[in-house]
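The exercises below are meant to be worked through with the sequence and the coordinates side by side. Try each task before reading its solution.

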Amino acid sequence: MLLKVLISAVVYLVSVSCFGQGLPDVSERKRLHVKYINHPNTVFELQHIPVCSNYGCKTITNISITESQWKNILSYFSNTTNSAIAEREQLRKAIGQIELIAGEQTNTQYDLGGTFKIYANIKSAKSEQMDCIDESTNTLLYLRLLNQNKKLKFHEILGLRSRGGLRAGYPHTAVLLKDNTSGQKFIIDSWFHGNGEPAEVVLYANWKRGWKPK
């Protein structure tokens, strides 16, 4: 009985962390992909959206988004949006919607929050699972795609950021945004939840100290 409790505890601790599945720049393939995403001259086409999967961005799959799907995603954004707070809420929902579309085409449609939680019960592993490197790189991609379509009016995308250590726990990576009205920095993080759920948005300082959803 005690052994089962200890195993469950280990599974839980691992499931709420990225467990270091590839920090930024440990993979040349991933580094070059992020560089491509961030390049100001990169133009994304709805028929060729390069999505990461397979832990640490080992696999890059070109997915397609139909015009009707894209129209639905853009419906989250209102032309009358007049605050950074409202825009962050729109961004987190839009990212979840894009994930739904990507999941079906990358076999990650049943991805669960965390990295290894899905393997606590192997019968639930109906698709491939993603780690925080996959999730953060894709979130960066989706934000760049939305920014290309002029949907980020109040924020600047600052790229990937990592945390870890005694206070923050296992290494973990997500995307950093700057609120251009207040100057505050926020993390937008899709790793904590399953495929298609809205991403979390939290103050960077809190996230850096090891924040996770309750």
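**Exercise 1: the sheet**

Four strands, in the order S3-S4-S5-S6, make up an open sheet with antiparallel pairing, where strands are DSSP runs of E with at least two residues, helices are runs of H or I with at least four, both are numbered from the N terminus, and two strands pair if DSSP finds at least two bridges between them. The model is a predicted one, in which local features need pLDDT of at least 70 and side-chain atom pairs count only at pLDDT 80 or more, while totals for chains, interfaces and linings use all residues. Residues are numbered from 1 along each chain as its sequence is written, and side-chain values use heavy atoms, with hydrogens and water left out.

Task: determine which strands stand at the edges of the sheet, and then trace the bridges from S3 to S6.

Solution.

1. Strand S3 (155-165) and S6 are the edge strands, each having a single partner strand, so one side of each lacks a neighbour in the sheet. On average, and with direction ignored, neighbouring strands of this sheet are turned by 35° against each other.
2. S3 and S4 run antiparallel and are joined by 9 bridges; here Gly 159 is found opposite Leu 176 in S4.
3. Strand S4 (residues 169-179) is joined to S5 by 4 bridges, again antiparallel, and Leu 176 has Ile 187 as its bridge partner in S5. Between these two strands the hairpin has 5 residues, and Gly 183 in this hairpin adopts a positive phi near 85°.
4. S5 is linked by 4 bridges to strand S6 (residues 200-203), antiparallel as well, with Ile 187 opposite Val 202.
5. As for burial, 4 of the 5 residues of strand S5 (residues 185-189) are buried, that is, under 20% relative accessible area, with over 50% called exposed and values in between partly exposed (1.4 Å probe, protein chains only).

**Exercise 2: the helices**

Task: describe how H4 and H5 cross, and find which strands H4 lies across.

Solution.

1. The axes of helix H4 (residues 84-106) and helix H5 (residues 132-148) come within 10 Å and cross at roughly 110°; axes are lines fitted to C-alpha atoms, for helices over the stretch in contact, and angles run from 0 to 180 degrees between N-to-C directions.
2. The two helices H4 and H5 are therefore roughly perpendicular, a term for angles of 65 to 115 degrees, whereas under 35 is roughly parallel, over 145 roughly antiparallel and the rest oblique.
3. Residues of H4 including Leu 91, Ile 95 and Ala 102 belong to the set that meets a group in H5, among them Thr 139, Tyr 142 and Leu 146; contact means heavy atoms within 4.5 Å.
4. H4 also lies across S3, S4, S5 and S6, and runs at about 20° to S5.

**Exercise 3: two loop residues**

Task: is Phe 44 buried or exposed, and what does the side chain of Asn 195 reach?

Solution.

1. Phe 44 belongs to the loop between helix H2 (28-38) and strand S1 (49-53), and its relative accessibility of 5% makes it buried.
2. Beyond its neighbours within four places in sequence, Phe 44 is in contact with residues including Tyr 36, Leu 141 and Gln 148. The C-alpha atoms of Phe 44 and Gln 148 are 7.9 Å apart, although 104 residues separate the two along the chain.
3. Asn 195, in the loop between S5 and S6, is buried at a relative accessible area of 14%, and its side chain reaches the backbone oxygen of Glu 99 at 3.0 Å.

Conventions:
A polar contact is a pair of N or O atoms within 3.5 Å; within protein, one must be able to donate a hydrogen and the other to accept it, and residues adjacent in sequence count only if both atoms are side-chain atoms.
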